[in-house]
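The following report covers selected side-chain pairs and strands of one protein chain. The sequence and structure come first.

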Amino acid sequence: MIRPALTAAALMFLLVPVACAQTASLSPMPTTSSFHPQSIQPETTLQISSESTVRREPDIAYITAGVTEERKTAQEAMAAQAAAMTGVFDALAKAGVDAKDMQTSGLSLYPRYDYVEIEVRKGEMRGEQRLAGYVASNQLTVRVRNLANLGKTIDSLVSSGGNTFSGVSFALDDDTDARNEARRLAMTEALAKANLYATAAGLKVSRIVTINEGYEQKYAPMPIARMAMQDAMPEASTPVAGGEVSYSANLSVLFELTK
C-alpha cells in the first residue's frame with residue numbers, strides 16, 4: 001500500500017513538538033547558592049591594629065664629623081682638606097677604630113661668593129657677587145664599638161684637625177633579637193585585644209585570617225655632646241650618654257569571630 005506524501009502543513013505540525021522538546025532540554029538548570037559553610041562573612045570579622053616597643057642599651061655609636069677648609073683656589077682647598085683628613089684618619093686608628101668602621105659620607109668642593117656694593121656712577125650703587133674662595137669639605141661616618149672610649153675618640157678627632165661635628169647616634173650592632181621581640185609583643189597585644197572585643201560581644205576568636213606587618217621604627221635620642229675645656233681639664237674627655245635605643249613593630253591582624 002502506497003501512503004500519500006505528507007503535506008507541508010502536516011510536516012510542520014510534526015516538527016513543532018520536536019523543536020519544543022529541544023528548546024526545553026536546553027533551558028538552564030536552576031542555580032544553586034554559592035554559600036559555602038567555610039566561607040567568612042564580613043560581619044564575623046574583626047580588624048585589630050597593634051604596636052609594641054622594646055628598649056635596649058646600645059652597644060655601638062656612630063659619629064658624623066669631618067673637615068671643612070677654605071682657600072683662595074680650588075686646588076689649595078682640596079689639598080688643605082686632604083692634609084687635615086689624613087690626620088683625622090691617623091688619630092681614629094690610634095683610638096682603636098678599625099678601617100672597616102670608617103666610611104666617607106660626604107665629599108664636596110664649591111665656590112664661595114661675597115656680596116659687595118659697587119658704585120656704578122656717582123650716586124648709583126649696584127650689588128654684585130665676587131668670588132671669595134673655594135670651600136672643600138670631607139665628612140666621615142665612624143662606627144665606635146667601644147663606647148667607653150667614645151668621648152676620647154671624639155676628642156682625638158677634633159684635636160687632629162676635624163673641625164665639623166654633626167653629632168652622635170646610638171644603635172645595636174645586631175638588632176635582630178630586639179626587632180623580633182617587638183614583633184612578638186605586637187602579636188600578643190593583637191590577640192589580647194581580639195579576645196577582649198570578642199568576649200564583650202558574646203563571641204570568641206575562631207582563627208586569624210590575615211596578618212599584615214606595617215612600619216618598623218628605631219628610636220634613638222640624640223645626645224648633646226659637651227666639648228670639654230681642655231685647658232682647664234687636660235685629662236677630661238667629652239662626656240656623652242648613650243641612654244637607650246627603642247625598636248617598634250606594627251601589625252594589622254584580621255580575626256574571624258564565631259558564636
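## A pair within helix α4

Glu181 has a relative accessible area of 25% and is therefore partly exposed. In this predicted model, its side chain meets that of Arg184 in a salt bridge, with an N to O distance of 3.0 Å. Arg184 is partly exposed as well, at 49% relative accessible area. Glu181 and Arg184 are three residues apart in helix α4, so about one helical turn separates them.

## A network of salt bridges

Asp101, Arg143, Arg145 and Asp173 are joined into one network by salt bridges that share partners. One of these links is between Arg143 and Asp101, whose closest N and O atoms are 3.0 Å apart. Arg143 belongs to strand β4 (residues 124–144), whereas Asp101 sits in the loop between α2 (74–94) and β3 (102–121); the two residues are 42 residues apart, and the pair links distant parts of the chain. The partners differ in burial: Asp101 counts as buried because its relative accessibility is 4%, under the 20% limit, while Arg143, at 22%, counts as partly exposed.

Arg145 and Asp173 also form a salt bridge through their side chains, at 3.1 Å from N to O. Arg145 is in the loop between β4 and α3 (150–159) and Asp173 is in the loop between β5 (164–171) and α4 (176–200), so this pair ties together parts 28 residues apart in sequence. Both residues are partly exposed: Arg145 has a relative accessible area of 36%, and Asp173 has 43%. The salt bridge count comes to 13.

## Surroundings of Glu69

Glu69 lies in strand β2 (residues 60–71). With a relative accessibility of 16%, Glu69 counts as buried, because the limit is 20%. Its side chain makes a polar contact of 3.2 Å with the side chain of Arg71.

Apart from neighbours within four places in sequence, Glu69 is in contact with Ala77, Ala80, Gln81, Ala84, Tyr134, Val135, Ala136 and Asn163.

## Strands β1 and β7

Strand β1 (residues 45–56) and strand β7 run antiparallel and are joined by twelve bridges. Within this pairing, Thr53 is located opposite Ser248 of β7.

How many residues of strand β7 (residues 245–258) are buried? Of its 14 residues, 13 are buried, and the strand is mostly covered.

Conventions. Residues numbered from 1 in each chain as written. Predicted model: local features only at pLDDT ≥ 70, side-chain atom pairs only at ≥ 80, totals over all residues. Heavy atoms only, no water. Helix = DSSP H or I, 4+ residues; strand = E, 2+ residues; numbered from the N terminus. Buried < 20%, exposed > 50% of the residue type's maximum accessible area, 1.4 Å probe, protein only. Polar contact = N/O pair within 3.5 Å; in protein donor to acceptor, adjacent residues only side chain to side chain. Contact = heavy atoms within 4.5 Å. Pairing = 2+ DSSP bridges. Salt bridge = Lys/Arg side-chain N within 4 Å of Asp/Glu carboxyl O.
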